[in-house]
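Hi,

Here is the structure I promised to pass on to you. Have a look at it first, and then read my notes below.

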Amino acid sequence: MWIAPVVAVAAAAYLVHSRPVALSAAGPVLGLWFSSPFITWWISKPLGTRKARLTGEQILFLRKLSRKTWAFFEAFVGPDDHWLPPDNYQEEPVAALATAQSPTNLGARLA
């Protein structure tokens, strides 16, 4: 990234000697061009990680949700379905699995 500051300095030097009036208009752009390696480094820095602060109620909710999700896969996913979950499960008015196949599941079954 060394080339950007070098070109910016060269362009500024050229403008100072040939067209000093144009330097006022080109100055902000040349300044950004000169500082582009620093800006690139700064915006590429990884963000600081924040620890999740969950309440007891939120933890309980997430545990129940994960149990329900896992129970769904235990009940409906197996070797008969090539370990693919069903497209749709209807609970009301009668519990039933969808027999239709989505293009996604069909493609996964053929692979």
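Confidence is a good place to begin, since this is a predicted model. Among the elements of the protein, helix α3 has the highest mean pLDDT, at 94, while helix α5, which covers residues 103-110, has the lowest, at 61. The protein as a whole averages a pLDDT of 85, and 88% of the residues score at least 70.

Next, the overall layout. If you count the elements, you will find five helices and two strands. Following the sequence from start to end, you meet them in the order α-α-α-α-β-β-α. Of the 111 residues, 11% count as buried. The protein exposes about 9,700 Å², and carbon and sulfur atoms supply 66% of that area. As for contacts between residues at least 6 apart in sequence, 30% of them join residues at least 24 apart.

Now please zoom in on helix α3, which spans residues 36-44. Is Ser-36, which belongs to this helix, buried or exposed? Its relative accessible area is 18%, and buried means under 20%, so Ser-36 counts as buried. Leaving aside its neighbours within four places in sequence, Ser-36 is in contact with Met-1 and Ala-4.

Trp-42 is in helix α3 too, but its relative accessible area is 54%. The cut-off for exposed is over 50%, so Trp-42 counts as exposed. Phe-38, with 51% relative accessibility, counts as exposed for the same reason.

Which residues form a nonpolar patch on the surface? They are Leu-32, Phe-38, Ile-39, Trp-41, Trp-42 and Ile-43, and together they have about 720 Å² of accessible area. Helix α3 gives the most to this patch, with five residues.

There are also some aromatic rings to look at. The structure holds three aromatic pairs. One of them joins Phe-38 and Trp-41: the ring centres are 5.6 Å apart, and with 35° between the planes the pair is tilted. Both residues lie in helix α3, three residues apart, which is about one turn of the helix. Another pair is made by Phe-72 and Phe-73. Here the distance is 5.5 Å centre to centre, and the planes are at 90°, an edge-to-face arrangement. Phe-72 is partly exposed at 28% relative accessibility, and Phe-73 is partly exposed as well, at 37%. Ring pairs link these two residues with Phe-76 into a cluster.

Last, go back along the sequence to helix α2, residues 22-34, where you will find Trp-33. Trp-33 has a relative accessible area of 38%. Partly exposed runs between the 20% and 50% cut-offs, so that is where Trp-33 belongs. Which residues does Trp-33 touch, leaving aside its neighbours within four places in sequence? The contacts are with Ala-4, Pro-5, Val-7 and Ala-8. You can also try finding Val-9 on your screen: Val-9 and Trp-33 are 24 residues apart in sequence, and their C-alpha atoms are 9.3 Å apart in space.

Happy exploring, and do write back with any questions!

Best wishes

Technical notes:
Residues are numbered from 1 along each chain as its sequence is written. This is a predicted model: local features need pLDDT of at least 70, side-chain atom pairs count only at pLDDT 80 or more; totals for chains, interfaces and linings use all residues. Side-chain values use heavy atoms; hydrogens and water are left out. Helices (H or I, at least four residues) and strands (E, at least two) are DSSP runs, numbered from the N terminus. Buried means under 20% relative accessible area, exposed over 50%, partly exposed in between (1.4 Å probe, protein chains only). Contact means heavy atoms within 4.5 Å. Patches are made of residues with over 30% relative accessible area and no salt bridge: like charges are joined within 9 Å, nonpolar side chains (Val, Leu, Ile, Met, Phe, Trp, Tyr) within 5 Å. Accessible areas come from the Shrake-Rupley method with a 1.4 Å probe; for residues, only the protein chains shown count as cover. A salt bridge is a side-chain nitrogen of Lys or Arg within 4 Å of a carboxyl oxygen of Asp or Glu. pLDDT is the predictor's confidence in each residue, from 0 to 100. Rings of Phe, Tyr and Trp (its six-membered ring) pair if their centres lie within 6.5 Å; planes under 30 degrees apart count as stacked, over 60 as edge-to-face and the rest as tilted.
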